[in-house]
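Colleague: Got a minute to walk me through this one? I'd like to know what to look at.

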Amino acid sequence: MTEKMPSSLEIAQRATLRPIVDVAADAGIEPDELEQYGRYKAKVDLSLLDRLADRPDAKLINVTAITPTPAGEGKTTTSVALTQGLGKIGHAPILCLREASLGPVFGVKGGAAGGGYAQVVPMEDLNLHFTGDLHAITAANNLLAAMIDAHLLHGNVLGIDPLTISWRRCMDMNDRSLRDVVTGLGGRTNGYPRQTGFDITAASEIMALVAVARDLADLRDRLGAITVGQTYEGEPVTAEQIRAAGSMAVLLKEAIKPNLVQTLEGQPAFVHCGPFANIAHGNNSLVADRVGLKLGDYMITESGFASDLGMEKFFDITCRMGDLRPSAVVLVASVKALKHHGGDIDGGLAEIEAGSANLARHIGIVNGFGLQAVVGVNRFPNDTDEELELVRRLALEHGAYAAELNEGFLRGGDGATALAEAVVGAAEQPNEFDFAYPIDAPIEEKIRAIVQKVYGGDDVELLPAAREKAAAFERAGLGSLPICMAKTHLSLSHDPALRNAPTGFTVTVRDLRPYTGAGWIVALCGDMMTMPGLGKTPAAYGIDVDAAGETVGLF
């Protein structure tokens, strides 16, 4: 009788972790650059970047995926397995991931640190409060909101028009009841009543801003540049004018430092910042990437959701801002996802063939940025060898540089050595990396370029409110900012019902939001919301603590 494999949580709880000081020392981090948070996690001081400024950068590998099913296709598991696999074949890889938001942890996914024998640990810490970064971001966001309302109450010397205030409060939890609220009820001592709302912390501009700041000084400048509303004369009002930026920077001065943990096989992993990829830019922090590029020979960074979302934003926003140049892309696919796009998630080979149109489109998106795509076929327990081989063959036929199985969930790094060898080969190939659009193009043209070159759509339609804002932003000098598309992750289009590889669609943009602190313009497509809600049976139902104080059911 085959022994049952332990759960991901059990594997993580039984693992013998290396002291984080040893992980750091092996990676080349000096003792005075390390700030420990217990035995197994630490923050790294950004002075390291000055010390290693002359060291050549590592090869940068981006991990993305085809359009996922609602449960995901194991992209983080693949990222960890690839890191472990590179270690097995003699390389010194550094992994960079986003921090988990409590919303998805208790909402849909449970844990978010990989799975099986391809995990980042300590898993419970990573999925819960970790080093407090998300709490600091939430506090800074809400401090600004409180100071705006206090300014209105105490004379409004800036002449802010309350109807133009766009700054919303946030919290790190899914709670649909807070999407639209009225604050200030109960009389004048409680402020002036005003309709507003909450976003989830991972969708907030503060999260985005921390994720792209280059250092503390840059963070402070970006905080001051946040636009919170307009005066009655139509002039923008910033956080600097509210006199909130300095206090916000104090709340965030530790949060900007990247967090160091480890894989189950002891490789260094930076887990820092956690913006969602469907409603934010979906990538870990730029400072974590910059540190990782100086410490290893391969730096693996995972982008949220599929290549049309997190990867596109990594290239067009993060790489542009940070002057990063990727070497290759790993595109995660699964038998289940191809069957899903083929019309029947319980189907067979015919459905895989039909669903491979989605795989082909994503390979084309990667190639469209001038990069090679290595397809990592993430193996699930019910997949047959015939199905897996068909996915590999279809990937190669559709233009992938290579296609290899990822069996890291069951075997750790040993299950990803072939994938690692393929990635090394792809990264050695010359590439012609370029952005999807020129930064000086008009706002509407940049959105159109994303829709046509990346999504495969026909055109974009800006609804009247969005068109009016686009013109206003151009007049205000914001036209040279990059675009952050907020759209569904369940389709290449803005309509989640259009599965597989839709064509002939026009993407509707209902609103534009200026993230002047982060440094881009958010284009809200379809009915995207910035505060998720809990489902009928959230993951929280299965999470508990036992009599010994151990977490159960987290993943």
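What follows is a chat about the cores, a helix, a sheet and a few odd backbone spots.

Modeller: Sure, and keep in mind that this is a predicted model.

Colleague: Fine. Which residues have the most contacts inside the largest nonpolar core?

Modeller: Those are Phe270, Val375, Ile447 and Leu512, in a core of 81 residues. Helix α19, residues 443–455, gives the most to this core, with seven residues.

Colleague: And what is Leu512 in contact with, leaving aside neighbours within four places in sequence?

Modeller: The list is Ile443, Ile447, Ala466, Lys469, Ala470, Phe473, Ile521, Val522 and Ala523. Apart from the core that holds Leu512 lies another one, of 41 residues, with Leu97, Ala100, Val271 and Ala402 among them.

Colleague: Let's switch to helix α11. Which of its residues are buried?

Modeller: Ala245, Met248, Ala249 and Leu252 are the buried ones in α11, which covers residues 245–252.

Colleague: How do they sit around the helix axis?

Modeller: Looking down the axis of α11, the buried residues fall within an arc of 100 degrees, so they line one face of the helix. As background, an α-helix has 3.6 residues a turn, so residues three or four places apart point the same way.

Colleague: What do those buried residues pack against?

Modeller: Four helices: α7 (133–153), α8 (205–212), α9 (216–224) and α10 (239–242).

Colleague: Just after that helix I've got my eye on Lys257. Where is it, in terms of α11 and β13?

Modeller: Lys257 is in the loop between α11 and β13, the latter being 259–263.

Colleague: Is Lys257 buried or exposed?

Modeller: Lys257 counts as buried, because its relative accessibility is 12% and the cut-off for buried is under 20%. Setting aside neighbours within four places in sequence, Lys257 touches Glu35, Lys43, Val44, Asp45 and His272.

Colleague: OK, sheets. In what order do the strands of the four-stranded open sheet come?

Modeller: The order is β19-β21-β22-β20, with mixed pairing. β19 and β20 (483–486) are the edge strands, each with a single partner, so one side of each has no neighbour in the sheet. From one strand to the next, the twist averages 40 degrees.

Colleague: How many bridges join β21 to β19, and how many join β21 to β22?

Modeller: Four bridges link β19 to β21 (residues 506–515), and those two run parallel. With β22 (residues 520–525), β21 shares six bridges, and that pair runs antiparallel. For landmarks, Glu461 stands opposite Thr508 in β21, and Tyr515 has Trp520 in β22 as its bridge partner.

Colleague: Which way do the side chains of β19 point?

Modeller: They alternate along β19, residues 459–462. Val460 and Leu462 point to one face and are buried, while Asp459 and Glu461 point to the other and are not.

Colleague: Back to helices. At what angle do α15 and α16 pack?

Modeller: About 35 degrees, with the axes of α15 (residues 349–368) and α16 (residues 385–397) 10 Å apart. The crossing of α15 and α16 is right-handed. On the α15 side the contact includes Leu349, Ile352 and Leu359, and on the α16 side it includes Leu390, Val391 and Leu394.

Colleague: What about Glu474, which helix is that in?

Modeller: Glu474 lies in α20, residues 464–475. Glu474 counts as partly exposed, at 33% relative accessibility. Leaving aside neighbours within four places in sequence, Glu474 is in contact with Pro442, Ile443 and Gly479.

Colleague: Now the backbone. Which peptide bond is cis, with omega near 5 degrees?

Modeller: The one from Val121 to Pro122. Pro122 is in the loop between β6 (118–121) and α6 (123–127).

Colleague: Which residue other than glycine has a positive phi near 50 degrees?

Modeller: That's Asn156, in the loop between α7 and β7 (169–171). Asp323 also isn't a glycine and has a positive phi, of about 55 degrees. Asp323 is in the loop between α13 (307–322) and β16 (328–333).

Colleague: Asn156 first, then: buried or exposed?

Modeller: Asn156 counts as buried, at 17% relative accessibility.

Colleague: And what is the relative accessible area of Asp323?

Modeller: It's 60%, and Asp323 is exposed.

Conventions:
Residues are numbered from 1 along each chain as its sequence is written. This is a predicted model: local features need pLDDT of at least 70, side-chain atom pairs count only at pLDDT 80 or more; totals for chains, interfaces and linings use all residues. Side-chain values use heavy atoms; hydrogens and water are left out. A nonpolar core is a set of buried Ala, Val, Leu, Ile, Met, Phe, Trp, Tyr and Cys residues joined through side-chain atoms within 4.5 Å. Buried means under 20% relative accessible area, exposed over 50%, partly exposed in between (1.4 Å probe, protein chains only). Contact means heavy atoms within 4.5 Å. The arc is that of the directions from the helix axis to the C-beta atoms. Two strands pair if DSSP finds at least two bridges between them. Axes are lines fitted to C-alpha atoms, for helices over the stretch in contact, and angles run from 0 to 180 degrees between N-to-C directions. A crossing is left-handed if the near helix is turned anticlockwise from the far one by less than a right angle, and right-handed if clockwise.
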